[in-house]
Amino acid sequence: MTKPDGEKHCEKEDRATAGSSGWTAEAIRALGAITDLQTLAGIFGCSDWSSRKMARTGEWERQGIKIFRIGAHYRVGVQSILDVLGASDELAG
């Protein structure tokens, strides 16, 4: 199946190079304890639509990102983002 023009999906390779999106570990940590799906999409360089679909299907959680549904809204555990990116250890010290 091909992707429509201009639509970028999150792939494992994108997660490995998330630093190229301009987000640093310090900037992610500064978000606080939780963030939203739009911010998660920006960190991993995917579309808001893809991020929401991944939350609905459980794909983010299978990748280690903690997603909390509160009513019609999704919230994301920031520490789990740092863990997946391997940045939690560098911030501990």
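This is a short selection-by-selection tour of a predicted model.

**Whole chain**

Start with everything shown as cartoon. The protein has 7 helices and 3 strands. Trace the chain along its sequence and the pattern reads α-α-β-α-α-α-β-β-α-α. Now colour by burial. Of the 93 residues in the protein, 35% are buried. Switch to a contact map if your viewer has one. Among contacts with a separation of 6 or more, 55% are between residues 24 or more positions apart.

**The sheet**

Select residues 34–36 for β1, 67–70 for β2 and 73–77 for β3. In what order do the 3 strands of the sheet lie? The order is β1-β3-β2, in an open sheet with antiparallel pairing. β1 and β2 are the edge strands, and each has a single partner, so one side of each lacks a neighbour in the sheet. Look along the sheet to see the twist, which averages 35° from one strand to the next.

Turn on backbone hydrogen bonds. Strands of a sheet pair through such bonds, either parallel or antiparallel.

**β2 and β3**

Zoom to this pair. The two strands run antiparallel and are joined by 4 bridges. Pick R69: its bridge partner in β3 is Y74. Step to I70, which stands opposite H73 in β3. Then centre on the turn. This hairpin has 2 residues between its strands, and G71 takes a positive phi near 65°.

**β1 and β3**

Move to the other pairing. Here 3 bridges join β1 to β3, again antiparallel. Select D36 and find R75, its bridge partner in β3.

**T35**

Stay in β1 and select T35. Is T35 buried or exposed? Its relative accessibility is 9%, which is under the 20% cut-off, so T35 counts as buried. Show its side chain together with that of T39. A polar contact of 3.4 Å joins the two side chains. Next, show what surrounds T35. Leaving aside neighbours within four places in sequence, T35 is in contact with Y74, R75, V76, V78 and I81. Two of these have already appeared on the tour: Y74 as the bridge partner of R69, and R75 as the bridge partner of D36.

**Helix α6**

Select residues 78–85. This is α6, which lies across β1 and β3. Draw its axis: α6 runs at about 55° to β3. V78 and I81, both listed among the contacts of T35, fall within the residue range of α6.

**Helix α3 against α6**

Add residues 37–44, helix α3. How far apart are the axes of α3 and α6? They are 12 Å apart, and the helices pack at an angle of about 15°. The two helices are therefore roughly parallel to each other. Their crossing is right-handed. Show side chains at the contact: L40, I43 and F44 come from α3, and I81, V84 and L85 from α6. I81 is thus worth keeping selected, because it appears here and T35, which counts as buried, touches it too.

**Burial in α3**

Hide α6 and keep α3. Which residues of α3 are buried? They are L37, T39, L40, A41, I43 and F44. That is 6 of its 8 residues, so α3 is largely enclosed by the rest of the structure. T39, in this buried group, is the residue whose side chain makes the polar contact with T35.

Finish one step past the helix. Just after α3, G45 takes a positive phi of about 70°.

How values were computed:
Residues are numbered from 1 along each chain as its sequence is written. This is a predicted model: local features need pLDDT of at least 70, side-chain atom pairs count only at pLDDT 80 or more; totals for chains, interfaces and linings use all residues. Side-chain values use heavy atoms; hydrogens and water are left out. Buried means under 20% relative accessible area, exposed over 50%, partly exposed in between (1.4 Å probe, protein chains only). A polar contact is a pair of N or O atoms within 3.5 Å; within protein, one must be able to donate a hydrogen and the other to accept it, and residues adjacent in sequence count only if both atoms are side-chain atoms. Contact means heavy atoms within 4.5 Å. Two strands pair if DSSP finds at least two bridges between them. Axes are lines fitted to C-alpha atoms, for helices over the stretch in contact, and angles run from 0 to 180 degrees between N-to-C directions. Angles under 35 degrees count as roughly parallel, over 145 as roughly antiparallel, 65 to 115 as roughly perpendicular and the rest as oblique. A crossing is left-handed if the near helix is turned anticlockwise from the far one by less than a right angle, and right-handed if clockwise.
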